[in-house]
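Subject: Structure for you to look at

Dear colleague,

I am handing over the structure below, and after it you will find my notes on what turned up. Please read them with the coordinates open beside you.

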Amino acid sequence: MGDTCSLNRSMVDEAGWLTYKRQKSGSTAMVPFYVAGPDWFEGTDDLALCLAAEEKHDTFLTTEHGKPRSQKAAGDWFSKAARAAGLAEGKTAHGIRKGRAAIFKESGASADQRMAVLGHETESEALHYSKSADLRRTIEGTQNSN
């Protein structure tokens, strides 16, 4: 959540890739932002639609007054928004990250690819985060995606 709160428009290059330095590890993250990602990435146009509809602030995640959110406030805000949207209690931003790791694995992303997008520093961390992946989907990979 700390990285999310600091993401801003200046981190997106002309080619549409978001690049930033992770707070915890200091490593570089690079994510397709305004461009289509690889097949396993399962990108949608939801982010682009949200960004097009919002007021233009430098930082993406802002308060209703246009100020950047703090890490703690952003986590609380996300949990409340998830409940208001009808999601089960306990759904968190961290849970989305774990869910994406499983989806990426099921869709054929290698451990290195998952690590690059999700900021994992070791293969054991990548394996831990993708542990909930469906085994059958993992075996089938992208060849049988619907």
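To begin with a single contact in this predicted model, the charged end of K98 is placed over the ring of Y129, at 5.8 Å from the ring centre.

Y129 also belongs to the largest nonpolar core, which is made up of nine residues, with V31, W40, F41, A101, F104, A109, V117 and L118 as the other members. Two elements, α4 (93–106) and α5 (111–118), each give two or more residues to this core. One of the core residues, L118, touches R22, R97, R100, A101 and F104, if residues up to four places away in sequence are left aside. There is also a second, separate core of seven residues, and L7, V12, F33 and F60 are among them.

As for α4 itself, this helix has 14 residues and spans 20 Å from its first C-alpha to its last, which is close to the 20 Å expected at 1.5 Å a residue. Within α4, the residues A101, A102, F104 and E106 are buried, and the cover over the buried residues of this helix includes α5, α6 (123–129) and α7 (135–140). Just after α4 comes G108, whose phi is positive, at about 105°.

The aromatic side chains deserve a separate paragraph. The structure holds five aromatic pairs. In one of them, the rings of W40 and F41 have centres 6.0 Å apart and planes at 75°, so this pair counts as edge-to-face. F41 also pairs with F104, and here the arrangement is stacked, with 5.5 Å from centre to centre and 20° between the planes. Because F41 lies in the loop between β2 and α2 while F104 lies in helix α4, this pair ties together parts that are 63 residues apart in sequence. Both partners are below the 20% cut-off for burial, since F41 has a relative accessible area of 12% and F104 has one of 2%. Elsewhere, ring pairs link F33, Y34 and F60 into a cluster.

Finally, which residue of the loop between β2 (28–32) and α2 (46–53) might you look at for contrast? I would suggest A36, which is found in that loop and is exposed, with a relative accessible area of 72%. The C-alpha atoms of A36 and W17 are separated by 9.7 Å, the two residues being 19 residues apart along the chain.

With best wishes

Key. Residues are numbered from 1 along each chain as its sequence is written. This is a predicted model: local features need pLDDT of at least 70, side-chain atom pairs count only at pLDDT 80 or more; totals for chains, interfaces and linings use all residues. Side-chain values use heavy atoms; hydrogens and water are left out. A nonpolar core is a set of buried Ala, Val, Leu, Ile, Met, Phe, Trp, Tyr and Cys residues joined through side-chain atoms within 4.5 Å. Buried means under 20% relative accessible area, exposed over 50%, partly exposed in between (1.4 Å probe, protein chains only). Helices (H or I, at least four residues) and strands (E, at least two) are DSSP runs, numbered from the N terminus. Contact means heavy atoms within 4.5 Å. The expected span of a helix is 1.5 Å times one less than its number of residues. Rings of Phe, Tyr and Trp (its six-membered ring) pair if their centres lie within 6.5 Å; planes under 30 degrees apart count as stacked, over 60 as edge-to-face and the rest as tilted. A charge sits over a ring if NZ of Lys or CZ of Arg is within 6 Å of the ring centre and within 35 degrees of the ring normal.
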